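This report introduces a structure to a reader who has not met it before. Please consult the sequence and the model while reading.

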Amino acid sequence: MSSQVTIVTGRKNRGGGFVLSGVAWIVGILFVLPVVWMLLTSFHSEENAAKNPPDIAAPLTLDGYRSFFDSGPWPSIANSLTASILSTALVILLAFPAAYALSIRPVKKWTDVLFFFLSTKMLPVVAGLLPIYLFAQSVGFLDNIWLLIILYTSMNLPIAVWMLRSFLSEVPVEILEAASVDGASLTRTLRSVVAPVVTPGIASAALICFIFSWNELLFARVLTGTVAQTAPVFLTGFVTSQGLFLAKVCAASIVVSLPVLIAGFAAQDKLVQGLSLGAVK
Amino acid sequence: MSVDAEADTEARPGGRHAQPPGSEGAMMRRAGDWARRAPLLPALIFMIIVTQLPFVVTIIVSFMDWNAYYPDERGFAGISNFRRVITDANTRHAIWVTILLTAGVVLLSLVLGLLIALLLDRKFRGRGAVRTMMITPFLIVPVAAALLWKHALYNPSYGLFNGVLKWIFGDNAPQPDWISNQPLWSIIFALVWQWTPFMMLILLAGLQSRPLDVIEAAGIDGANQWEIFRYMTLPHLRQYLELSALLGSIYVVQNFDAVFTITSGGLGTANLPYTIYQTFYTAHDYGRASAAGVIVVIGTILIATFALRSVSTLFREETSK
């Protein structure tokens with residue numbers, strides 16, 4: 001039995017398998033190398049970071065991080081956290097009942113509704129940017145974090161609806177019938193019967209919505225100023241300074257990417273589910 | 001109650017008395033429909049207000065003369081904005097750049113992603129570690145990734161690429177200015193680095209959902225590795241390839257971060273999102289930016305209709321299971 005499996009999955013040739021594993025390792029290292037380089041440079045002094053050929057063994061220092069934190073990044077990081085967390089919460093709050101209406105007790109023409117949600121993801125963001133800007137300007141909503149929260153919610157809602165629908169359609173109908181026989185209300189059914197079954201799906205959706213909101217640049221750049229500036233916008237403003245800045249920029253990039261790196265590494269499987277809109281489980 | 005009413009109607013098909021109870025049943029049904037729709041409505045209304053209304057405004061502004069620098073000249077412009085956008089060489093170039101950038105990034109990262117997924121679909125020492133290393137590029141904030149490529153890798157005087165050249169070839173090593181020489185490819189490579197992990201993750205999940213017993217049987221029946229890949233693995237992967245290509249295109253076609261950071265749209269790399277951003281944000285020509293936006297939306301709808309058709313066949317297969 002085990003020999004058959006080896007034949008089929010291409011591991012009959014031990015030497016060949018060894019080479020393929022080596023190739024896999026090399027490819028993985030090549031892909032992670034720029035990030036490792038960024039991390040190493042962030043701990044070098046500006047003078048050593050700008051050396052050519054590079055000095056790998058240069059003494060390590062926290063100067064890059066020190067000058068990043070001295071430049072006052074906390075308001076923008078706090079803004080990014082607020083926008084990402086609140087918009088993610090809002091997305092789940094809106095998407096969960098919608099996904100319920102599209103899967104467990106589907107409304108008429110539910111596929112049309114589902115494709116309407118997906119089609120909004122295909123409309124280019126830039127084409128709606130101007131009216132949103134003009135509207136925000138006229139009601140004094142520019143440079144307000146709530147504007148970003150609303151926009152990020154609309155940006156991620158279709159993703160969450162698709163994902164949660166895909167998870168909800170796996171909830172066994174018998175459980176729901178039992179709940180309705182017992183006279184449970186809709187809210188109660190959602191909360192105590194459906195939610196536990198789809199909690200993994202909610203976690204995936206929340207992870208992916210958080211990452212996309214945290215990463216967003218175009219809206220944040222156009223619609224915010226000094227008050228509601230987010231971390232990615234802060235990063236772009238970091239390079240304009242004269243003189244050497246490589247170590248500082250690398251330190252800043254590492255710090256700003258850290259929440260996404262931690263969340264993504266901690267939940268790799270959730271990441272796949274989220275990225276594929278729940279098509280892959 | 002409603003069941004009784006309907007039974008009543010059926011008992012007297014032609015009778016006028018059947019009318020009131022019948023409509024009561026319809027009302028009950030309508031109320032039931034609304035109860036079903038209720039959980040959907042907040043999300044639907046939210047999306048219509050935030051994503052559809054702005055487009056209506058964009059269409060209106062696209063027919064107007066409106067430049068924030070000349071507020072007195074605001075008025076109806078007919079189709080002159082559209083004529084200017086379509087005849088403008090910059091816009092046509094931006095369309096071309098958008099197509100090249102999207103096709104280049106999606107195809108390259110799809111092929112690389114497939115090869116790496118095949119490598120990782122085997123058991124070997126450190127497989128989890130390699131997978132973790134592979135997904136790291138996708139977890140770097142896109143602006144940070146673009147800054148990393150521009151300053152730490154491509155930079156001609158202290159970037160890693162030229163540093164490696166000096167290590168290998170000594171002091172006389174060529175020190176090319178990567179971004180000036182190949183501006184579009186510089187952006188494409190940085191984006192392929194970020195998007196290959198995305199494609200790889202979806203395709204790897206696809207590979208791991210293959211029905212192993214069928215493949216085993218094929219192996220016993222004497223099919224070789226290539227035949228198994230060509231006639232079993234690839235057809236199974238088709239829907240995953242389509243899904244990752246579609247999702248990748250949705251994101252890459254709208255790319256702003258990399259173009260903005262690496263070249264600032266210079267050296268002929270301005271794609272449509274960047275061009276519209278500039279028309280609106282720097283030139284303040286609202287009418288023209290809107291006309292360009294409308295044209296992009298029309299183009300996207302044409303392409304998306306084909307894309308959605310392929311997804312919906314996929315989707316029907318899934319629901320009919």
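The following paragraphs describe the two chains, then their contact, and then selected helices.

This is a predicted model, in which local features need pLDDT of at least 70 and side-chain atom pairs count only at pLDDT 80 or more, while totals for chains, interfaces and linings use all residues. Residues are numbered from 1 along each chain as its sequence is written, and chains are lettered from A and ligands numbered from 1 in the order in which they are written.

**The two chains**

Helices (H or I, at least four residues) and strands (E, at least two) are DSSP runs, numbered from the N terminus. A residue is buried if 20 or more other C-beta atoms, placed from the backbone, lie within 10 Å of its own. Two residues are in contact if their C-beta atoms, likewise placed from the backbone, lie within 7 Å.

| Chain | Helices and strands | Buried residues | Share of contacts with a separation of 6 or more that join residues 24 or more positions apart |
|---|---|---|---|
| A | 14 helices, 0 strands | 46% of 281 residues | 79% |
| B | 15 helices, 2 strands | 39% of 321 residues | 67% |

Chain A has 14 helices and 0 strands. With a radius of gyration of 24 Å over C-alpha atoms, well over the 19 Å that the globule rule (2.2 Å times the number of residues to the power 0.38) gives for 281 residues, chain A is more spread out than a compact globule. The C-alpha trace of chain A spans about 70 × 70 × 30 Å along its principal axes.

**Contact between the chains**

In chain B, 79 residues are in contact with 84 residues of chain A. Helix α3 (residues 41-62) of chain B supplies the largest share of that side of chain B, 12 residues.

**Selected helices**

In chain B, helix α5 (residues 89-120) packs against helix α10 (residues 183-208) at an angle of about 45 degrees, and their axes, lines fitted to C-alpha atoms over the stretch in contact, are 6 Å apart. α5(B) and α10(B) are therefore oblique to each other, that is, outside the ranges under 35, over 145 and 65 to 115 degrees.

In chain A, helix α14 (residues 268-275) has the buried residues Leu271(A), Val272(A), Gln273(A), Gly274(A) and Leu275(A). These buried residues pack against α8 (145-168), α10 (186-215) and α13 (246-266) of chain A, together with α10 of chain B. Just after α14(A), Leu277(A) takes a positive phi of about 55 degrees.

Note on methods
Axes fitted to C-alpha atoms, helices over the stretch in contact; angles between N-to-C directions. Buried ≥ 20, exposed ≤ 12 C-beta atoms within 10 Å, placed from the backbone.
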